[in-house]
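Open the model in your viewer and keep the sequence panel beside it. The stops below say what to select and what is there.

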Amino acid sequence: MSQLRQQIETVTAERDQLAKGNERRILAGQDLNTMLKRIEAATEELQQLDSLRASVSQAIEQGRLQLTGPSDRSTAMTEGPEVSTTSSVRLSKLEIRAAQEALVDFGYGKLKADGALGPATRKAVEAFERAKGLPVTGRLGTATLQALRTHTASVTQ
């Protein structure tokens, strides 16, 4: 009888330990789900903030152009009144080559300054955009060109 009672107590103790372990796993799973929801919410908020930053950058660029006006084609590098921070603008081969040379000079890739927007140029542009906190597009958009000009001016002074 005492052996049976001891086995029952042992099995009951093991069952209680397993129940506690399961309870801890359930709580950990709930914590994990809560964290995943928080991460999703934070990701959405970051996307909204990035979109807002792009809009603010565009508005600032538009305001700057309205105040100063494009002095020549090489300053504004845009074809029309619309200014976009992320879209590509129509550039001549000379303008693309100048941007490529600047990217090489600043250490953003070993590419041939040939005036053509190839994969190496896109990678260099992406690296520059990342370093400057711009939306990473790989295209020579208005904000990227402006940042290149600003960086060039600060380095040459």
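Select α3 in this predicted model and colour its buried residues: Glu95, Ile96, Ala99, Gln100, Ala102 and Leu103. They sit on the same side of α3, because the arc they cover around the axis is only 160°. Now turn to the other side of α3, where Lys93, Leu94 and Asp105 are exposed.

Next, put a distance label on the end C-alpha atoms of α3. They are 18 Å apart, which agrees with the 18 Å that its 13 residues should span at 1.5 Å a residue. Past the end of this helix, pick glycine 107, which follows α3 and has a positive phi, near 85°.

Move on to tyrosine 108. Which residues does tyrosine 108 touch, leaving out those up to four places away in sequence? Select Leu103, Ala124, Ala127, Phe128, Ala131 and Lys132. One of these contacts, Phe128, deserves a separate view.

Show the rings of tyrosine 108 and phenylalanine 128, since the structure holds one aromatic pair. Two values describe such an arrangement: the distance of the ring centres and the angle of the planes. Here the centres are 5.3 Å apart and the planes stand at 90°, so the pair is edge-to-face; the cut-off for that class is over 60 degrees. Zoom out to see that the pair links distant parts of the chain. Tyrosine 108 lies in the loop between α3 (93–105) and α4 (119–132), while phenylalanine 128 belongs to helix α4, and the two are 20 residues apart. Are these two residues buried or exposed? Both tyrosine 108 and phenylalanine 128 are buried.

Stay with α4 and select its buried residues, Thr121, Ala124, Val125, Phe128 and Glu129. Looking down the axis of α4, you will find that they line one face of the helix, because they fall within an arc of 135°. Rotate to the other side of α4 for Pro119, Lys123, Arg130 and Ala131, which are exposed. From its first C-alpha to its last, this helix of 14 residues reaches 20 Å, close to the 20 Å expected at 1.5 Å a residue. The residue to pick after α4 is glycine 133, whose phi is positive, near 75°.

Now show the largest nonpolar core, which has 16 residues. Select Leu91, Leu103, Tyr108, Ala124, Phe128, Leu140 and Leu148, the residues with the most contacts inside it. Both partners of the aromatic pair, tyrosine 108 and phenylalanine 128, are in that selection. To see which elements give two or more residues to this core, display α3, α4 and α5 (142–156).

Go back towards the N terminus and select helix α1 (residues 2–68). Its 67 residues reach 97 Å from the first C-alpha to the last, close to the 99 Å expected at 1.5 Å a residue. Within α1, colour Gly21, Ala54, Glu61 and Leu65, which are buried.

Finish with the whole chain in cartoon view. The secondary structure comes to five helices and zero strands, and the elements run α-α-α-α-α from the N terminus on. Switch to a surface: the protein exposes about 11,200 Å², with 55% of it supplied by carbon and sulfur atoms. Of its 157 residues, 24% count as buried. If you draw a contact map, 42% of the contacts with a separation of 6 or more join residues 24 or more positions apart.

Definitions and conventions
Residues are numbered from 1 along each chain as its sequence is written. This is a predicted model: local features need pLDDT of at least 70, side-chain atom pairs count only at pLDDT 80 or more; totals for chains, interfaces and linings use all residues. Side-chain values use heavy atoms; hydrogens and water are left out. Rings of Phe, Tyr and Trp (its six-membered ring) pair if their centres lie within 6.5 Å; planes under 30 degrees apart count as stacked, over 60 as edge-to-face and the rest as tilted. Helices (H or I, at least four residues) and strands (E, at least two) are DSSP runs, numbered from the N terminus. Buried means under 20% relative accessible area, exposed over 50%, partly exposed in between (1.4 Å probe, protein chains only). A nonpolar core is a set of buried Ala, Val, Leu, Ile, Met, Phe, Trp, Tyr and Cys residues joined through side-chain atoms within 4.5 Å. Contact means heavy atoms within 4.5 Å. The expected span of a helix is 1.5 Å times one less than its number of residues. The arc is that of the directions from the helix axis to the C-beta atoms. Accessible areas come from the Shrake-Rupley method with a 1.4 Å probe; for residues, only the protein chains shown count as cover.
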